[in-house]
Structures are given as C-alpha cells and as structure tokens.
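Subject: Structure handover

Hi,

Here is the structure I promised to pass on. Please open it and keep it in view while you read my notes.

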Amino acid sequence: QVQLVESGGGLVQAGGSLRLSCAASGFSLDAYSIGWFRQAPGKSREGVSCITPSTGRTYYADSVKGRFTSSTDNARNMVYLQMNSLKPEDTAVYYCAADVTGCGDEMDYWGKGTLVTVSS
C-alpha cells in the first residue's frame with residue numbers, strides 16, 4: 001500500500017527556513033517521480049518541484065527557484081524540501097505526491113499535507 005506522510009511544517013518568520021519531510025512507504029523512490037505541491041488559502045494547487053528518477057532532473061517552479069531544494073534519500077525512502085528565504089506568499093499547505101509515470105499536475109498518490117505559515 002502506497003503511503004506518503006508529510007511533516008516539518010510550522011510557523012516561521014519571513015526570511016527564515018524550514019525543511020519539510022515526506023516519508024514514503026509501499027514503493028521504491030527510485031522508480032517514482034516525486035513532486036511537491038502547495039495550496040494557499042483561496043488559491044488553486046501549484047506545483048513546487050518534481051524529481052524524475054529516470055533523468056535525475058528536478059523541476060522547480062519559478063516562484064521558488066533558487067530558494068527551495070528538493071532531495072531524496074532512497075535508502076530511507078524519504079523526500080525532503082529545504083525551503084530558504086521564505087516569504088509570506090509561501091504560506092500554504094504543502095503536499096508530496098508520487099507517480100510511476102512521471103511528473104504532472106495529477107499524480108497517482110498524495111499525502112495529506114503539512115501547513116507552512118510565513119509571517120511578515
């Protein structure tokens with residue numbers, strides 16, 4: 001059974017950092033694309049980053065490029081999103097998602113999310 005559980009969200013001041021974690025179970029990370037998404041109050045869901053294991057490449061949304069870094073620890077089946085220089089507009093519920101076919105807006109498996117709040 002595929003399961004994704006996010007953690008690490010919280011309240012942080014603008015300019016600060018947080019590291020989100022996503023614990024994956026029921027599948028092997030090296031066979032799945034792993035995406036981070038976020039949804040701010042009153043807004044539609046936005047893709048933040050996505051790692052494609054077959055190419056080793058990571059996609060980042062322009063809004064987070066240079067500030068966020070996604071990584072995986074295949075031995076521990078963990079995915080991380082390091083978020084630096086946080087801005088109030090980064091406030092959202094953050095989700096990790098997995099799909100064996102690749103990155104996209106509609107991935108097969110989703111976690112329940114973790115809330116990140118950035119105060120000004």
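Two strands count as paired if DSSP finds at least two bridges between them. Strand 3 and strand 8 meet that with six bridges, and the pairing is antiparallel. One bridge to look up is C22, whose partner in strand 8 is V79. Strand 3 also pairs with strand 1, residues 3–7. Those two run antiparallel and share five bridges. There, Q3 has S25 of strand 3 as its bridge partner. Keep in mind that this is a predicted model.

**The whole chain**

How many helices and strands does the chain have? It has zero helices and 11 strands. Read from the N terminus, the elements are β-β-β-β-β-β-β-β-β-β-β. The radius of gyration is 13 Å, and the globule rule gives 14 Å for 120 residues. The two values are close, so the chain is as compact as a globular protein of that length. Along the principal axes, the C-alpha atoms fill a box of roughly 40 × 25 × 25 Å.

Of the 120 residues, 43% count as buried. The chain exposes about 6,300 Å², and carbon and sulfur atoms supply 46% of that area. Now take the contacts between residues at least 6 apart in sequence. Of these, 56% join residues at least 24 apart.

**The core**

The largest nonpolar core has 28 residues. Which of them touch the most other members? They are F27, W36, F68, L81, M83 and Y94. Several strands each supply at least two residues of this core, among them strand 3 (18–25), strand 8 (78–83) and strand 11 (114–119). Strand 4 (33–39) and strand 9 (92–99) each do so too.

Take L81 as an example. Beyond its neighbours within four places in sequence, L81 contacts W36, F68 and Y94, among others. Its contacts also include L18, L20 and V48.

**One residue in strand 11**

T114 sits in strand 11. Is T114 buried or exposed? Its relative accessibility is 11%, and the cut-off for buried is under 20%, so T114 counts as buried. A polar atom of the T114 side chain lies 3.1 Å from the backbone nitrogen of G9. Leaving out neighbours within four places in sequence, T114 is in contact with E6, S7, G8 and G9, and also with L20, A92, V93 and Y94. Y94 and L20 are on the contact list of L81 as well.

Best wishes

Technical notes
Residues numbered from 1 in each chain as written. Predicted model: local features only at pLDDT ≥ 70, side-chain atom pairs only at ≥ 80, totals over all residues. Heavy atoms only, no water. Core = buried A, V, L, I, M, F, W, Y, C linked by side-chain atoms within 4.5 Å. Buried < 20%, exposed > 50% of the residue type's maximum accessible area, 1.4 Å probe, protein only. Helix = DSSP H or I, 4+ residues; strand = E, 2+ residues; numbered from the N terminus. Contact = heavy atoms within 4.5 Å. Polar contact = N/O pair within 3.5 Å; in protein donor to acceptor, adjacent residues only side chain to side chain. Rg over C-alpha atoms; globule rule 2.2 N^0.38 Å. Areas by Shrake-Rupley, 256 points an atom, 1.4 Å probe, with all protein chains shown as cover.
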